[in-house]
Amino acid sequence: MRIRRRNTVPLSPNLIEAVRALDVRPRERRWSSVTYCVLDAVWSIGISYDRHVVPAVRRVAAAAGDVEPVVSVMTLPASDPLPLSAFRDTYRTPDELVAVTTAHRTSSRSRVLKAETALRYADVLVEAGVDTLPDAAKALEDFARVDEISARLRQIPGDGVRTGYFWMLVGDDDTLKLDRMILRFLKRHGTETGVAGAKDVLRALAAELTGTSNYRVTPWMVDHAIWNAERARR
């Protein structure tokens, strides 16, 4: 787990109480492969998570013979069921990956297939020595290494917020993926801010809740609780 010292920011009582009312809990289940984390991170931008992202990841897992790609954090397998190198051996072109996922593009502006972006992500990570989920967990222990890999990932067209989200998926509870649902929640509870400000707010909320809990509340936990609550409102 990566922990950096953060400065807190003033929080309104209304926002604090709104977050306390949410289901803020530790991570319980996760993808069992770094490949699934890449696919989730790439596909989840701009499309329905339940309708498109989860089914796409599950189809790739099923094609590799993995019938249960989501596992309890307590039963994470010792070996990755679909290392990125094996994923790339199976899917050599974007069209091959589109055939089992979707033909969504990263944005209407870039017109780059999400499948192409995912393959490029895999190439960068493998070259950086991150082939499996244990490799990614080890990388998280080194801030400089994560920053170096992230800089290379951000050079891939249409990256957006997905680099930070990728590290969240592989186990970083202190990095945040902020989308319009998080910003909408903050605004509704009297805190209107941009992405940079929202990151500080969520980190401050995590620190506030930790102070009144018998366990550490992480920024990921606050982010995830807000995201789930906003998704339920749709």
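Colleague: Which helices are included in what covers the buried residues of H1?

Modeller: In this predicted model, the cover over the buried residues of H1 includes helix H10 (180-188), helix H11 (195-211) and helix H12 (219-233).

Colleague: Which residues of helix H1 are the buried ones?

Modeller: Helix H1 spans residues 13-20, and its buried residues are Leu15, Ile16, Ala18 and Val19. Viewed down the axis of H1, these buried residues fall within an arc of 165 degrees, so they line one face of the helix. The general idea is one of helical periodicity: an α-helix has 3.6 residues a turn, so residues three or four places apart point the same way.

Colleague: How should one read the largest nonpolar core, and which of its members touch the most others?

Modeller: The general idea is that in soluble globular proteins, nonpolar side chains tend to be buried together. Here, the largest nonpolar core holds 69 residues, and those touching the most other members are Val19, Trp43, Phe87, Leu97, Phe166, Val170 and Leu202. The largest share of this core, 8 residues, is supplied by helix H2 (residues 34-43).

Colleague: What does leucine 202 contact, leaving aside its neighbours within four places in sequence?

Modeller: With those neighbours left aside, leucine 202 is in contact with Leu176, Leu178, Ile182, Leu186, Val222, Asp223 and Ile226. One of these partners, Leu186, merits its own reading. Leucine 186 lies in helix H10 and is buried, its relative accessible area being 0%. Beyond four places in sequence, leucine 186 contacts Leu15, Thr191, Thr193, Ala198, Val201 and Leu202. Leu15 is among the buried residues of H1.

Colleague: How far apart are leucine 186 and glutamate 230, in sequence and in space?

Modeller: They are 44 residues apart in sequence, and their C-alpha atoms are 11 Å apart in space. Glu230 also appears among the contacts of arginine 188, which touches Glu230 and Arg233 when residues up to four places away are not counted.

Colleague: Is arginine 188 buried or partly exposed?

Modeller: Arginine 188, found in helix H10, counts as partly exposed because its relative accessibility is 35%. Its C-alpha atom is separated by 8.9 Å from that of leucine 15, although their positions lie 173 residues apart along the chain as a sequence separation.

Colleague: A charged residue may also be asked about in this way. Is lysine 114 buried or exposed?

Modeller: Lysine 114 is buried, with a relative accessible area of 0%, and its place is in helix H6. Apart from residues up to four places away in sequence, lysine 114 touches Val42, Trp43, Ile45, Ile47, His104, Arg105, Thr106 and Arg162. Among these, Trp43 is one of the core residues that touch the most other members.

Colleague: Where is threonine 132 found, and what does threonine 132 touch?

Modeller: Threonine 132 is in the loop between helix H6 (114-127) and helix H7 (133-139). At 17% relative accessibility it counts as buried, because the cut-off for that class is under 20%. Not counting residues up to four places away, threonine 132 touches Val34, Asp80 and Pro83.

Colleague: What is the volume of the largest pocket, and which residues lie nearest its centre?

Modeller: The largest pocket has a volume of about 720 Å³. Its lining comprises 27 residues, of which Arg29, Tyr49, Trp220, His224 and Asn228 lie nearest the centre.

Colleague: Which elements supply the lining, and how do its residues divide by character?

Modeller: At least two lining residues come from each of strand S1 (29-31), helix H3 (49-63), helix H9 (162-170) and H12. The largest share, 8 residues, comes from H12. By character, the lining divides into 13 nonpolar, 2 polar and 12 charged residues.

Colleague: Helix H3 also contains aspartate 50. Is aspartate 50 buried or partly exposed?

Modeller: Aspartate 50 counts as partly exposed, at 48% relative accessibility. Leaving aside neighbours within four places in sequence, aspartate 50 is in contact with Pro55 and Arg231.

Definitions and conventions. Residues numbered from 1 in each chain as written. Predicted model: local features only at pLDDT ≥ 70, side-chain atom pairs only at ≥ 80, totals over all residues. Heavy atoms only, no water. Core = buried A, V, L, I, M, F, W, Y, C linked by side-chain atoms within 4.5 Å. Buried < 20%, exposed > 50% of the residue type's maximum accessible area, 1.4 Å probe, protein only. Helix = DSSP H or I, 4+ residues; strand = E, 2+ residues; numbered from the N terminus. Contact = heavy atoms within 4.5 Å. Arc of directions from axis to C-beta. 1 Å grid on protein atoms, 1.4 Å probe; cavity = no way out; pocket = protein on both sides within 12 Å on 5 of 7 lines; lining within 4 Å. Points joined across faces, edges and corners; volume = space filled by probe spheres on them. Nonpolar A, V, L, I, M, F, W, Y, C, P; charged D, E, K, R; others polar.
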